[in-house]
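Welcome, and please open the model in your viewer. We will go from stop to stop, with something to select at each one.

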Amino acid sequence: MNDHSTDEQLAHRTEQTRPSRRSFIATGTTVTAAALLGVGTASADDGFGPISRDTHTLRAGTEYETTAYIGDADRSGPTAVVVGGMHGNELAGVEAAHDVAEWTFDRGTLVVLPEANAPAVEERTYSGPDGDLNQQFPTGASPTTPIAEEIWNLVIGHDADVVIDMHSSMGIWGSDLGPDGYGQAIFPSAAGASRGIASRVTDCMNRNVVDDSYPEDYAFTLGNTLSGEHPRLIHKVAGDLERAGYITEVTRYDTTLETRIEWARSLAGYLLRNHGIETSYAAASL
């Protein structure tokens with residue numbers, strides 16, 4: 001199975017149907033959701049209360065300029081931050097995060113950054129002009145680039161209870177099938193119940209989401225616990241904040257982009273549900 005043409009077609013459709021991130025520039029760092037999503041407050045027709053939506057621009061006026069989408073439910077609850085596009089060629093996380101930004105949900109706050117590494121997403125490259133963005137978050141020290149610092153400020157500024165960083169990989173974690181890689185795994189932070197939650201979510205993914213037509217190697221598994229030893233976002237969440245965090249990885253090996261997006265969305269929906277935020281996607285699909 002070769003999904004190269006699928007990737008290009010979906011990327012083309014995305015570029016044709018979604019306004020450029022640079023069209024969202026406003027005079028300040030915040031613009032209204034109505035200008036971005038065509039809505040101000042989400043409807044309660046799906047069974048949830050209204051969602052107040054806003055946006056925040058990171059690194060405005062630079063090549064790293066990118067938009068964070070902030071939703072607040074009318075009921076108090078936990079705050080979750082969902083990140084996509086840390087690596088610009090991992091389109092499943094980018095597309096899934098754009099979808100998550102439009103979900104309604106029952107409580108708390110949902111902050112979504114779909115294109116964390118905006119120039120890399122634009123060029124469809126792994127790294128951006130300043131290298132691998134996910135190597136710029138040292139535990140116990142300040143982030144090493146301005147964009148990494150603004151992403152970190154987004155996390156701490158919203159006092160996130162849980163952070164989900166969505167990735168994809170060429171290979172499958174712990175499998176001899178295909179090239180080496182980290183796909184089909186959840187890597188939890190060392191904080192709290194993260195490892196137990198990640199284990200439950202892998203079980204749910206394998207029972208309800210991964211198609212039986214895939215070989216057993218495509219079953220989701222539990223990855224290493226992240227505790228701060230590497231300069232990555234979720235390591236810093238674990239080491240500096242001692243909060244729940246997850247790197248989710250889906251495999252690009254013999255899968256379509258549409259399938260990977262569905263897996264990434266489902267991982268986000270299950271993880272949010274396990275942290276006390278029920279979403280319109282999870283209620284309808286999981």
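Start by selecting residues 185-188, which are strand β6, and then add β7: the two run parallel and are joined by 2 bridges. Strands here are DSSP runs of E with at least two residues, helices are runs of H or I with at least four residues, and both are numbered from the N terminus. Two strands pair if DSSP finds at least two bridges between them. Click on Ile186 and look across to β7, where Leu222 stands opposite.

A word about what is on your screen: this is a predicted model, in which local features need pLDDT of at least 70 and side-chain atom pairs count only at pLDDT 80 or more, while totals for chains, interfaces and linings use all residues. Residues are numbered from 1 along each chain as its sequence is written, and side-chain values use heavy atoms, with hydrogens and water left out.

**The whole sheet**

Now show every strand. You will find 8 strands in an open sheet with mixed pairing, ordered β1-β2-β4-β3-β5-β8-β6-β7. Which are the edge strands? They are β1 and β7, each of which pairs on one side only.

Go to the β1 end. Select residues 51-58 for β1 and add β2: these strands run antiparallel, joined by 8 bridges. Thr57 has Thr67 of β2 standing opposite. On to β4, residues 109-113, which pairs with β2 in the antiparallel sense over 4 bridges. Here Tyr69 and Val112 of β4 stand opposite each other.

Is β2 mostly covered or mostly open? Select residues 66-73 and you have a mostly covered strand, with 7 of its 8 residues buried. Buried means under 20% relative accessible area, exposed means over 50%, and partly exposed is in between (1.4 Å probe, protein chains only).

**Strand β5**

Next, select residues 162-169, strand β5. In β5, 8 of 8 residues are buried. Turn on the side chains: Val162, Ile164, Met166 and Ser168 point one way, while Val163, Asp165, His167 and Ser169 point the other way.

Add β3, residues 79-83, which pairs with β5 in the parallel sense over 4 bridges. Ala80 is the residue that stands opposite Val162. Then add β8, whose pairing with β5 is also parallel and spans 8 bridges. Look for Ser168 and its bridge partner in β8, Val250.

**The largest pocket**

Switch on a surface view. Rolling a probe the size of a water molecule over the atoms shows where empty space is left. The largest pocket holds about 450 Å³ of space. Its lining has 24 residues, and those closest to the centre are Asn134, Tyr182, Arg232, Ile247 and Glu249.

On a 1 Å grid over the protein atoms alone, using a 1.4 Å probe, a pocket is an open set of points with protein on both sides within 12 Å along at least five of seven lines; lining residues have an atom within 4 Å of a point. Grid points are joined across faces, edges and corners, and the volume is the space filled by probe spheres set on them.

β5 and β8 (244-251) each supply at least two residues of this lining, and β5 gives the most, with 3 residues. By class, the lining has 7 nonpolar, 11 polar and 6 charged residues. Ala, Val, Leu, Ile, Met, Phe, Trp, Tyr, Cys and Pro count as nonpolar, Asp, Glu, Lys and Arg as charged, and the others, Gly among them, as polar.

**Rings**

Now show the aromatic side chains; there are 7 aromatic pairs in the whole structure. Select Trp173 and Tyr182, a stacked pair lying 5.7 Å centre to centre with 15° between the planes. Rings of Phe, Tyr and Trp (its six-membered ring) pair if their centres lie within 6.5 Å; planes under 30 degrees apart count as stacked, over 60 as edge-to-face and the rest as tilted. Trp173 is partly exposed at 26%, and Tyr182 is partly exposed at 45%.

Select Phe220 and Trp263 next: this pair is edge-to-face, 5.9 Å centre to centre and 90° between the planes. Phe220 lies in the loop between α6 (194-208) and β7 (221-222) and Trp263 in helix α8 (residues 257-274), so the pair ties together parts 43 residues apart in sequence. Both Phe220 and Trp263 are buried. Add Tyr214 and Tyr218 to see the cluster that ring pairs link together with Phe220 and Trp263.
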